[in-house]
Amino acid sequence: MTANDGLYNKYQLLKKKAKKIAQFLVDSEDNVAIVTLETPDNLCATGILLLNLKEQKIGSQVIYAKEKDQLEKRIKKLDCQTIVFIGLSLREMPLGILKDSDKKRIMIHHELSKKELEKISKENIEELSLKGIDLPTNTISNAGLSYFISAGFNGDYQKHSHLAIIGSLAKRQVNNKDQKLIGLNGIILEEGKKEQFLTVTKGTRIAGRESQPIHLALKYSINPYFPGLTGNESACTSFLSRTGITMKDQEDEWRSIASLSSEETKKLNDGLISILMENKDYSLSDIKKLIGPIYIIENESEHNPTRNIEEFLWLLEGGCQIGKYGLVLAVILGDRENLFDQLNSNLSDYHGRATLVIDEIAQKPEIIEEKRYYRMIKGDNILDKETAPAIINALVESKTIPIDIPVLASLNQNEETYLFVHESPLQQKKGIKLHHIFQEAANSKLVKKLSKEGDFFEVIVETDNFSDLIKNIEETLEYHHEGTKEKKEEEKKSESSTKKQVSKKKKEHQDKK
């Protein structure tokens, strides 16, 4: 059996499990409660289920899991017998619900571990995940899992393919070289294309390429960040003038990147690549990411941000970051009028603030404090809770801030200090993970709140405890680094001693001869 045969067999098994859950939901005798974490992937997964339940005339209600302390109380208040958990780990499930075998409980989570699956089976909980059928966690997203559940409801489930692809891009389930989808996401894409819900072209991958005037798409571009352009509208118009690209059409309407001819697109790409190449830390592989697959949703109107899947994701990510989960879910469910306009209005300010701060930090590197084992941005005068994650990620992705050691940004607000932390891949390979160190601090009550582990995470600490926390983190980092250093020195000494012994034996052997 080939590797492809093995993947296909696992895919069939996944579809079979998904169909079983679809039937499980169809057989529900009352309303279904969906408890979801508030990320684009999980909200797209929620949207797919809600749309299917509505078609089946099954009532449903959504609970956002952000306030976990009140979660069990809110679930019990709804008095639903069927509860679907999307994106929650086993330890995030309320204990009372976990042990309540009278309720039908379903977990949808592509990152559940085998240990969690063992515990879930003991509690008689239905689940749809990947580890149980030996598939890597990056094979598909939670939205992709919901997409396969929707296949068990009706024959035209492919109309939800765009939401599954948004989920896969949110989870970065792509090949780093060509930015093409990996795992089972390719199957979903092909199904969407076959039924003419999706098309794929190749072009300049900038959020705003479909809906924004060209100069504004460049101004608000965070990922990629263009030094000298991002956050600077006049510089963007000058850049386009130099490259010979007209910003308005014959009807005096603003043009978008999507409307450019192939020749104009080449001019734009060449100019942007030149800017990126000025940063010596920016690798060729990073620059190549600028050009790649463009996913188009065919039933969305031209010049609408929901027509381009990456721009759609950009909209959802911003909405989640500013806490507008209801608006985000409404747009996922198809609202393109009042609630859509509200979300767009909120985000115009959000992206504007973010790009200005990114440009300020890039222009003033002294804002970044160089510590021994990490870099710190004191963000009281420049950052806010909503835009900080996008800003830190953009600065790291663009290599404006090196990531050979972790990057931290702090922000004081109402007697609490927020820490935004970006792990260093290099240090993670050495076994040094800041999230684990912060977890230990959380166990000792130094940390008030800690978000889920990942390359980027957030920490909340009472401001009175902040200096103690930083001291604790620095001491732990020093222990890890110095311990690693001492271990290497011991290994070198041992290796040197072994070489000397071998050399001595060789000499003795030669003397005997």
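Two strands are said to pair if DSSP finds at least two bridges between them, and this notion of a bridge is what the following walk through a predicted model relies on when residues in neighbouring strands are matched with one another. In strand S13, for instance, the bridge partner of Val-421 is Phe-457, and the strand to which Val-421 belongs, S11, serves below as the point from which the surrounding sheet is described.

Before turning to that sheet, the chain as a whole may be considered. The protein chain contains 19 helices and 13 strands, and its C-alpha atoms fill a box of roughly 90 × 65 × 60 Å along the principal axes. Because a compact globule of 513 residues would have a radius of gyration near 24 Å, the value of 26 Å found for the protein chain agrees with that expectation. Of the 513 residues, 49% count as buried, while the chain exposes about 25,800 Å², of which carbon and sulfur atoms supply 46%. Among the contacts with a separation of 6 or more, 63% are made by residues 24 or more positions apart. As for the charges, the mean position of the 75 positive ones and that of the 79 negative ones are 7 Å apart.

Within this chain, an open sheet of six strands follows the order S8-S9-S10-S11-S13-S12, and its pairing is mixed. Strand S8 (368-370) and strand S12 (449-450) stand at the edges with a single partner strand each, so one side of each is left without a neighbour in the sheet. In general, the strands of a sheet pair through backbone hydrogen bonds, in either a parallel or an antiparallel sense.

Strand S11, which spans residues 416-422, has S10 and S13 beside it in the order of the sheet. Strand S10 (residues 407-413) pairs with S11 in the antiparallel sense over seven bridges, and in this pairing Ser-410 stands opposite Leu-419. Strand S13 (residues 456-462) also runs antiparallel to S11 and is joined to S11 by seven bridges; besides the match of Val-421 with Phe-457, Tyr-418 has Ile-460 as its bridge partner in S13.

How many residues of S11 are buried? Seven of the seven are, and the strand is thus described as mostly covered. This holds for both directions in which the residues point, since Glu-416, Tyr-418, Phe-420 and His-422 point one way and Thr-417, Leu-419 and Val-421 the other, and all are buried, that is, each has under 20% relative accessible area.

The connection between S10 and S11 deserves a closer look, for the two strands form a hairpin with two residues between them, and Asn-414 in the turn has a positive phi of about 50°. Glu-415, which is placed in the loop between S10 and S11, likewise has a positive phi, of about 65°, although it is not a glycine. Glu-415 counts as exposed because its relative accessible area is 70%, where the cut-off is over 50%.

Backbone geometry of note also occurs elsewhere in the chain. Most residues other than glycine have a negative phi, and most peptide bonds are trans. Asp-134, in the loop between strand S5 (126-128) and helix H6 (142-151), has a positive phi of about 60° although it is not a glycine, and because its relative accessibility is 48%, Asp-134 counts as partly exposed. The peptide bond from Asn-223 to Pro-224 is cis, with omega near 10°, and Pro-224 lies in the loop between helix H9 (214-219) and helix H10 (233-243).

Notes: Residues are numbered from 1 along each chain as its sequence is written. This is a predicted model: local features need pLDDT of at least 70, side-chain atom pairs count only at pLDDT 80 or more; totals for chains, interfaces and linings use all residues. Side-chain values use heavy atoms; hydrogens and water are left out. Helices (H or I, at least four residues) and strands (E, at least two) are DSSP runs, numbered from the N terminus. The radius of gyration is taken over C-alpha atoms; the globule rule is 2.2 Å times the number of residues to the power 0.38. Buried means under 20% relative accessible area, exposed over 50%, partly exposed in between (1.4 Å probe, protein chains only). Contact means heavy atoms within 4.5 Å. Accessible areas come from the Shrake-Rupley method with a 1.4 Å probe; for residues, only the protein chains shown count as cover. Lys and Arg count as positive and Asp and Glu as negative; His and the chain ends are not counted. The place of a charge is taken as NZ of Lys, CZ of Arg, CG of Asp or CD of Glu.
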